[in-house]
Every structure is written in structure tokens, then in C-alpha cells.
Amino acid sequence: MNTTIDIQKLLSCDRRSVARAISFVENENDGAEQFLSELYKHTGKAYRIGITGPPGAGKSTLTNKLAKFYRSQDLKVGIIAVDPTSPFTGGALLGDRIRMNEVEMDEGVFIRSMASRGSLGGLSKKTREAADILDAAGFDIILFETVGVGQSELDIAGAADTTVVVLVPESGDGIQAMKAGLMEIADFFVLNKSDRPGADQAVMSIKMILGFRPHDEHSWMADVVKSTASEGVGIEKIASEIFRHQEYLKKSGEFEKRRAKQLRSRIEEIINDKFKITFWNTDRKQLLDQELLKILSRSRTPYDVAEELLKK
Ligand SMILES: Nc1nc2c(ncn2[C@@H]2O[C@H](COP(=O)(O)OP(=O)(O)OP(=O)(O)O)[C@@H](O)[C@H]2O)c(=O)[nH]1
Ligand SMILES: [Mg+2]
């Protein structure tokens, strides 16, 4: 039932409709896909920026300040904060995490948290759908905040036009970031908390590692920008680096390519989800449970049970 969301109101950026629409698709209500299909032709205008990095790096603080900066340019900003904590245990990962209080009351800013656990479908699907709703509603900039500790930052890189990885001097020598796979997804780095000791060394070591990335004169060279987000220092530089990246994407033709690639994985994800749901019916689940002991006792193998399930 999609009777409660008025698309025309949503398109005119009515906040209640935006909030309702996001809940509607987040809860996977009947009609959510049809609703998103209707909305699709109104999307594609917003610029999508992913902000990721280790816990406590200052992502929310930075997102807050960036939103404020974009507001000063008269742009409307949607923020999707992907919360790594379970909706059941609740609470924050860290005691001192920041609320986005500077922009919370602003009519031109819409903030939505989404829980990464406890949801049925993939997180990337939901965040993309929420972003589509904000996009259709007329938000010019969409900021995704996600903690870079697992799959979620890869998902975000698959949903963003520009991915910013936030590190701090304590993140050490950049090797850690490389291990965590953050190097591959970063369009550029922010070294936040540069008011703390070790900032310049950290910048240098990230730059050194970046130098190892294969590149030629036409490719994008990721850089490192220093900031002290809590003081608002470096925010304009970050915004201009995002802009520079956006210009690069557009001029090089990478923008279309990137979005096409994202669409491809988006459609694959929709289909995989559907297959999963139809495949794992009660019969197959029962068969699997039934055969587990035999696999444990080595009288059957995982492969032949998988074959049987596929043929069933
Ligand atoms: N010294 C210093 N502290 C900062 C800076 N930026 C943010 N902080 C502080 O760092 C703490 C964590 O900031 P958040 O913005 O919540 O960090 P986060 O990355 O969003 O944290 P999670 O979402 O929990 O992963 C807060 O106490 C901030 O005030 C900075 O540039 N310098
Ligand atoms: Mg945060």
C-alpha cells in the first residue's frame, strides 16, 4: 500500500513525505519497488559523496561541517548515516560520537540514520534507495557516512560519485588503511584531527603509499587534505577537492562509466536478493537441516548436498 506517499509532494521536497518514503522502502513494504520505479525518472541530479573511515575519526563532525558549507552555497543536503550498531542493542559504538547539531534544525538539510544490521535486504540497496528518494525530492548533495570496518565502506563506494576516506594521525602510517582496503576506494584522503601530533608524518606516509598506485597523466591522482573538523578548519579545501574530483569525472567521461557500473551491480543485487528469497523456501531449508549431520559425519559432502538443493 503506497497510498500514504504523495509523489508530487515528495518531488516538492515535503519533509514528511521524504521521511515516510524512506521508511516505506526501508521496511520493504509491498509496493516499494513500484514506488521506486515511478520515482526513478526523477533521480540522477544529486551529487553523491561517501565519507568513510575508522570509528571515531571525525566523520560525523566533518559531514556536519560540509553540510553547513554546502548550505552556505544554497545547496540542499541529504545525509544518510549508516549506523554500524545493531538496532536491538542500540547505542553508539563510541561514547563521544557527535550529533549533527549544527545542521539538524536546518530545513535544507535532511538527516537519516540507517542501521546496517537487522535489515533483511542488503545495506547498499537500502542506502541507494534512500538516496534516490532524497535525489528525487531535490536535494543537491547527498552525503553518506559509514564506518570503514567491513563491507559497508565498499557498499558506500559503490553508491557514491566521490568517496572520501577520513584518517587521523593515530591511524598510523597508512599501512593500516591499505590493509583495510580503504586505499582502493578512496578518491582522496582527509587527515583529520591534524591538531594532534603526528599529522604531518601521517600525511607524508599516505602520500607515499598513494604514489604506488598505478597512474598516468590522464588518470586521477588522489591527494591528502588536512583538516581539524571540530574547528571547521580545512572544510573548504575538502569541498574544493570534491569539486575537483567531480570535474575530473565529468571531463574524462568517468562519471557516466562509474554510474553505469553502479547500476550494473545494483541490478545484480536486486536479482540476487530475489533469487535468494525464492530459492530458500521451506523445503530446501528443511533438506539442508536434515543433511547437516551427514555432512558432519562425512557420509555426504557440502558439494553433493549443494547439488541436490540446486536440482530440487
Ligand atoms: N582533536 C580533534 N577532535 C576531533 C576532530 N574532529 C572530531 N573530533 C572529535 O572526535 C570525536 C569523534 O567524532 P565523530 O565526528 O563522532 O567521529 P565519527 O568518525 O563520526 O565516529 P563514529 O561514527 O562513531 O565512527 C568527537 O569527540 C569529536 O569532537 C578534530 O579535528 N580534532
Ligand atoms: Mg559518526
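Which residue has a polar side-chain atom 3.1 Å from an oxygen atom of ligand 1? It's lysine 193, and you can look for that contact in the first close-up below. Keep in mind that this is a predicted model.

**View 1. Ligand 1 and its polar neighbours.**
Start with lysine 193, whose polar side-chain atom sits 3.1 Å from an oxygen of ligand 1. The backbone gets involved as well: a backbone N or O atom of glycine 58 is 2.9 Å from an oxygen atom of ligand 1. Glycine 56 also takes part, with a polar backbone atom 3.0 Å from an oxygen of ligand 1. How much of ligand 1 does the protein bury? On its own, ligand 1 exposes 650 Å², and the protein buries 89% of that.

**View 2. The shell around ligand 1.**
Now take in the whole neighbourhood, which is made of 19 residues. Gly58, Lys59, Ser60, Thr61 and Asp195 come nearest to the ligand. Sorted by class, the shell has 7 charged, 7 polar and 5 nonpolar residues. Which element gives the most residues to this shell? That would be H4, with 3 residues.

**View 3. The magnesium ion and the two residues that hold it.**
Zoom in on ligand 2, a magnesium ion. Ser60 coordinates it through OG and Glu145 through OE, at 2.1 to 2.2 Å. Serine 60 belongs to helix H4 (residues 59–72) and glutamate 145 to strand E4 (residues 141–147), so the pair ties together parts that are 85 residues apart in sequence. Are these two residues buried or exposed? Serine 60 is buried, with a relative accessible area of 14%. Glutamate 145 is buried too, with a value of 8%. You've met Ser60 before: it's also among the residues that come nearest to ligand 1.

**View 4. Helix H3 and its two sides.**
Helix H3 covers residues 32–40, and Ala32, Phe35, Leu36 and Leu39 are its buried residues to look for. Why do they line one face of the helix? Seen down the axis of H3, the buried residues fall within an arc of 95 degrees, so they line one face. Now check the other side of H3: Gln34 and Ser37 are exposed there.

**View 5. Aspartate 187 and its partner.**
Look in the loop between helix H8 (182–185) and strand E6 (188–191), and you'll find aspartate 187. Its relative accessibility is 5%, so aspartate 187 counts as buried, the cut-off being under 20%. Which side chain does it touch? The side chains of aspartate 187 and histidine 245 are joined by a polar contact of 3.4 Å.

**View 6. Two loop residues with a positive phi.**
Cysteine 13 isn't a glycine, yet its phi is positive, at about 70 degrees. You'll find cysteine 13 in the loop between helix H1 (7–11) and helix H2 (15–26). Aspartate 74 also has a positive phi, near 65 degrees, and it's a residue other than glycine. This one lies in the loop between H4 and strand E2 (77–83). Which of the pair is buried and which is exposed? Cysteine 13 counts as buried at 14% relative accessibility, whereas aspartate 74 counts as exposed at 65%.

Key. Residues numbered from 1 in each chain as written. Chains lettered and ligands numbered in written order. Predicted model: local features only at pLDDT ≥ 70, side-chain atom pairs only at ≥ 80, totals over all residues. Heavy atoms only, no water. Buried < 20%, exposed > 50% of the residue type's maximum accessible area, 1.4 Å probe, protein only. Helix = DSSP H or I, 4+ residues; strand = E, 2+ residues; numbered from the N terminus. Arc of directions from axis to C-beta. Donors = N, O, S within 2.8 Å, 3.2 Å for Na, K, Ca; no water. Near = heavy atom within 4 Å. Polar contact = N/O pair within 3.5 Å; in protein donor to acceptor, adjacent residues only side chain to side chain. Areas by Shrake-Rupley, 256 points an atom, 1.4 Å probe, with all protein chains shown as cover. Nonpolar A, V, L, I, M, F, W, Y, C, P; charged D, E, K, R; others polar.
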